[in-house]
Amino acid sequence: MHLDGGGGTVRIAFFDFSSAFNTIQPLLMGEKLWMMGVDNTMISWITDYLTGRPQFVRLGSVLSDVVVSDTGAPQGTVLSPFLFTLYTTDYQYNSESCHLQKFSDDSAVVGCIRGGEEGHWSKQNHLRLNVNKTREMVIDFGRKKRMPSQPLRIRGEVVEEVEDYKYLGVVIDNRLDWKSNTEAVYKKGMSRLYFLRKLRSFNMCSKMLEIFYQSVVASAIFFAAVCWGSSIRASNTNRLDKIIKKAGSVLGLRLESFESVVERRMLKKLLSIINNDQHPLHHTLVRQRSTFSHRLLQLRCRRDRYRKCFLPHAITLYNNS
């Protein structure tokens, strides 16, 4: 929405935290849980879970010395990302021009800038940052050549600016055309299609082949497609459709096209946002509902890039359904 207005720039800093899960302090974790209203029994259980954890290395029949850890959370467990999210709940910043997006230990600060004002951008983080792995991306759709932006510095070190970045499994580039992401999805889909064909050559039953397609091939093709699926070029849509058609010939089924699946999932996502008053976009949609027809009024879109993205496109699907 900010870029659609013209004359604006968006700067995104993708933060990398050093040993994120290892930073959890059990006593501080307990204090934060108590302030959230968690009962004492649960707090005691979690504190006990995080403290006194013996660790050692086994190499064949040889064991190393045992080290007892009283900080951090065990790696690879389901509970650790959730605990880290609770632990960093007070790590937040949102204003009209700048907001923080978090998913476990993957954090990004998005700054909407006009007229070169970049005052919010150099604030330090609550957690210990790995500056060498932190990246920044500047998105600017202006026709004129963009002037070099003021470099982002953290503790005196300049953060590297990149043209694209893989965030939560999706490749985002500084033109928001999703070309890099589609290329990555296509390669992943083709490599997994090979294994589907191999399974068929072993005379595996059609039911198992279909399960493999849905869980391994389709999951790669349609991962987060609600965000980017409606904004890609027709040529890229055709490439992904070819993979789906080839998979359908292996299964002996006629599978839904890429566009059909994306539109169905976008509409489902929109309905879930409407029914969830805790979702960040819920109140935006409430404001778009007509008081007379109860239909969702379309957002004003000056550029085709914004018109094709999730929210405007999903509203169109909703009104046409």
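**Helix packing around H5 and H8 in a predicted model**

Helix H5, which comprises residues 206-221, bends by about 35° at Tyr213, the bend being the angle between axes fitted to the seven residues ending at a residue and the seven starting there. The structure is a predicted model, in which local features need pLDDT of at least 70 and side-chain atom pairs count only at pLDDT 80 or more, whereas totals for chains, interfaces and linings use all residues. Residues are numbered from 1 along each chain as its sequence is written, and side-chain values use heavy atoms, with hydrogens and water left out.

The secondary structure of the chain amounts to 11 helices and 13 strands; helices (H or I, at least four residues) and strands (E, at least two) are DSSP runs, numbered from the N terminus. The C-alpha trace spans about 65 × 60 × 45 Å along its principal axes. Of the 321 residues, 39% count as buried, where buried denotes under 20% relative accessible area, exposed over 50%, and partly exposed the range in between (1.4 Å probe, protein chains only). Among contacts (heavy atoms within 4.5 Å) between residues at least 6 apart in sequence, 63% join residues at least 24 apart.

In H5, the buried residues are Leu209, Phe212, Tyr213, Val217, Ala218, Ala220 and Ile221. Tyr213 is thus both the site of the bend and one of the buried residues. The buried residues of H5 pack against four elements: helix H4 (179-201), helix H6 (225-228), helix H7 (234-251) and helix H8 (258-274). With H7, H5 packs at an angle of about 175°, the axes lying 11 Å apart; axes are lines fitted to C-alpha atoms, for helices over the stretch in contact, and angles run from 0 to 180 degrees between N-to-C directions. The two helices H5 and H7 are therefore roughly antiparallel, given that angles over 145 degrees are so classed, those under 35 as roughly parallel, those from 65 to 115 as roughly perpendicular and the rest as oblique. In this contact, Leu209, Glu210, Tyr213 and Ile221 of H5 meet Ile243, Ile244, Ala247 and Leu251 of H7. The residues of the H5 contact with H7 divide into 7 nonpolar, no polar and 1 charged (nonpolar: Ala, Val, Leu, Ile, Met, Phe, Trp, Tyr, Cys and Pro; charged: Asp, Glu, Lys and Arg; polar: the others, Gly among them).

An unreviewed UniProt entry annotates residues 211-232 as "transmembrane region"; such annotations may be inferred rather than shown by experiment. In the model, the end C-alpha atoms of residues 211-232 lie 27 Å apart, and the span is 68% helix and 0% strand.

Helix H8 also packs with helix H11 (residues 310-320), at an angle of about 95° and with the axes 9 Å apart. H8 and H11 are therefore roughly perpendicular to each other. On the H8 side, the residues of the contact include Met266, Leu270 and Ile274, and on the H11 side they include Phe310, Ala314 and Tyr318. The contact of H8 with H11 comprises 12 nonpolar, 1 polar and 2 charged residues.

Asn319 also lies in H11 and, at 15% relative accessibility, counts as buried. Not counting residues up to four places away in sequence, Asn319 touches Arg295 and Leu296. Asn174, by contrast, is partly exposed, with a relative accessible area of 21%, and is placed in the loop between strand E13 (170-173) and H4. With the same sequence exclusion of residues up to four places away, Asn174 touches Met137, Val138, Ile139, Asp140, Phe141 and Glu163.
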